[in-house]
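Got your viewer open? Load the model, turn on the cartoon view and follow along, one selection at a time.

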Amino acid sequence: MSNNLEIALQSKQLRRAGQPGSKPDWFNRLWTLAAAPMLLLFFIPVAAIFLRLSPTDFVRSLTDPAAVQAVQLSLTTSLVSLGLILLLGTPAAYVLYRRRGRLHWLLDTLVDLPTVLPPAVAGVALLIAFGREGVVGQALRQVGITIPFTGAAVVLAQMFVAAPLYIRSAALGFAAVDCELKQAAALDGASRWQVFRYIMLPMSAAPIISGSMMAWARVLGEFGATIIFAGNLAGRTQTMPLAIYIGFENNLNVALALSAILILVSSLLLVLLKVVINRRLNGD
Amino acid sequence: MKPVTFLFVVVSLALAAGCAPAQPAARTSLVVFAASSLTEAITELEQVFEAQNPGVDVQLNFANSNTLAEQIAQGAPADVFASAALAFMTRLEENGQVDARETRIFARNQMSVILPKSNPANLTSLSDLARPGVKLVLGAREGPQGAYVERLLTNLSAAPGFDPEFKQQVYHNVVSYESTVKGVVTKVALGEADAGIAYVTDAKSDADTLTTLPIPPEYNLVADYPIAPLKDAPNRAMAQALVEFILSPAGQQILAKYGFLPPGE
């Protein structure tokens, strides 16, 4: 983080230095021009959704029971997933930050794996593990628990693909806390738990919050693992991305309306994220 | 690199690509868009056809017929379209992309109730599908197969020995609507669902992991599979030859092997 801060300060100074007269800055204009195609590739499809979707269609689609169910289901499952990611991901982040043990590199890779795996692989793997006939699923079945085709499957799929984003961010946050600060606290008689609770947790609040937001955005967008592992049933496992996929084949307006909501929510999360990071950079 | 040098490199690369000698004995490629229920049968037909026509490279694209018709309507380059339902061929005919006189029914298929070999819910007859708690997986209700399933369930609800509410009860047991029928087969074969409704050909292709419940023929439905070369197929002669081959006795024999019924007269 302190590194980022220095870079930000340096570039600010450079920018100031680079604005002497009113001479047109051809160099920068050329770069802007060269960047335009890439930026347009992001902008045009997103804008097209809002151009295609008239406000009346948007409102009408949102009263469609399948759309309402999908929004409700996405909201509840994503919040449950986020809560579990915070609860179970924080210890994982702590273990990752400590870098103890000979097998540390293995853990490190394991946590990164879901981020690079195609979600379809995640779905197949989850089904093979937690399915009725799966390695763990068979045992669960003995005690009367079946996971596939339930909300629990949706949550597991979401956690699998999104938790690494949070864990990675929180671990980096823990690692950035000044060692001397922790030592000073320990010298003053703080227990290890108190050091964690009163020094590390507050000092890595920004990466923890930004990590949770990234994870939440990823959770809301989860599609591939969900449709394979949890199936597709309106009201039970059909989250917004699934409703968009199915809706694309038979009700384009619902698909467009749900896409618009996801774009708006994701943009909002990203803006909040930048606010958090900026405050951190300009603050301490 | 100076901009001029860069431009020079790009231009010479483009020229080099343009001047590259054509591959020896250029292979004609033929693109076939086929319903996913045809996967195994068309793959074998492709191999035999390629063996008989050296220099032809048949490329297969499988998806549900709805998606394929949509892709062709949006300009996807295809030479031949094989659909699991007439409606999608009709859409392309109305779109002016297929000549209705060239559309031929080349196979027929029927519905089949598939169960994992282990039969976890202990289902012994069709009426068991309505038993509360049975986990059923069906194809998307909006797809062609979904429409056949709905008609099958309507027929059974009116049949003697079945509850008039049979259809509603069965739909109540559905735990997932898969986007393709192949998805239904996989979930049932993995044992994740107690039963599913697929095509007879699917039950046959996974005979070592699946069993079936018999559907009395008078209530079952017959799905007609149409095939046609596309009007602006890049290689129309070869496209027509492939359709003829599939309709020939040799082609029909391969289809029969995978459980397809011959086209009715």
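Before the first stop, one working rule: two residues count as in contact if their C-beta atoms, placed from the backbone, lie within 7 Å. With that in hand, select chain B: residues 24 or more positions apart account for 75% of its contacts with a separation of 6 or more. Keep in mind that this is a predicted model, and that the predictor gives the complex an ipTM of 0.74 and a pTM of 0.78.

**Colour by confidence**

Chain B averages a pLDDT of 87, and 90% of its residues score at least 70. Now pick residues 1–24 of chain B: pLDDT stays under 50 there, and the model has 1 contact beyond four places in sequence for this stretch. Where pLDDT is low, the predicted coordinates should not be read in detail. Over in chain A, the average pLDDT is 87 too. Among its elements, helix H1 (residues 2–17) of chain A has the lowest mean pLDDT, 53, while H8(A) has the highest, 96.

**Compare the two chains**

Stay on chain A and look at the cartoon: you'll find 14 helices and 0 strands. Of its 284 residues, 32% count as buried. Flip to chain B, and the tally is 10 helices and 9 strands, with buried residues making up 44% of the 265 residues.

**Select helix H2 of chain B**

This one covers residues 39–52. At 1.5 Å a residue, its 14 residues should span 20 Å, and the end C-alpha atoms are indeed 20 Å apart, so expectation and model agree. Show side chains for B:Ala41, B:Ile42, B:Leu45 and B:Phe49, the buried residues of H2(B). Turn the view to look down the helix axis: these buried residues fall within an arc of 85°, so they line one face. An α-helix has 3.6 residues a turn, so residues three or four places apart point the same way. Spin to the other side of H2(B), where B:Gln47 and B:Ala51 are exposed.

What do the buried residues of H2(B) pack against? Add strands E1 (28–35), E2 (56–63) and E3 (80–82) of chain B to your selection, then helices H9 (236–247) and H10 (249–257), and you have the partners.

**Drop into a loop**

Next, centre on B:Asp194, in the loop between helix H7 (181–189) and strand E7 (195–199) of chain B. Is B:Asp194 buried or exposed? It has 24 C-beta neighbours inside 10 Å, and 20 are enough to count as buried. Leaving aside neighbours within four places in sequence, B:Asp194 is in contact with residues including B:Leu115, B:Pro120, B:Val134 and B:Leu136.

**Light up the nonpolar core**

B:Leu136 turns up again here. The largest nonpolar core has 131 residues, and B:Leu136 is one of those that touch the most other members, along with A:Ala157, A:Leu258, B:Val80, B:Phe81, B:Ala82 and B:Val188. Helix H8 (residues 151–176) of chain A gives the most to this core, with 16 residues. Zoom in on A:Ala157: beyond four places in sequence, its contacts include A:Ala122, A:Leu126, A:Ala225 and A:Phe229.

**Finish where the chains meet**

Finally, show both chains and select the contact, which takes 13 residues from chain A and 14 residues from chain B. On the chain A side, helix H13 (residues 240–250) gives the most, with 3 residues. Colour that side by class and you'll get 5 nonpolar, 5 polar and 3 charged residues.

Terms used: Residues are numbered from 1 along each chain as its sequence is written. Chains are lettered from A and ligands numbered from 1 in the order in which they are written. This is a predicted model: local features need pLDDT of at least 70, side-chain atom pairs count only at pLDDT 80 or more; totals for chains, interfaces and linings use all residues. Helices (H or I, at least four residues) and strands (E, at least two) are DSSP runs, numbered from the N terminus. Ala, Val, Leu, Ile, Met, Phe, Trp, Tyr, Cys and Pro count as nonpolar, Asp, Glu, Lys and Arg as charged, and the others, Gly among them, as polar. The expected span of a helix is 1.5 Å times one less than its number of residues. A residue is buried if 20 or more other C-beta atoms lie within 10 Å of its own, exposed if 12 or fewer, and partly exposed in between; C-beta atoms are placed from the backbone. The arc is that of the directions from the helix axis to the C-beta atoms. A nonpolar core is a set of buried Ala, Val, Leu, Ile, Met, Phe, Trp, Tyr and Cys residues joined through C-beta atoms within 7 Å. pLDDT is the predictor's confidence in each residue, from 0 to 100.
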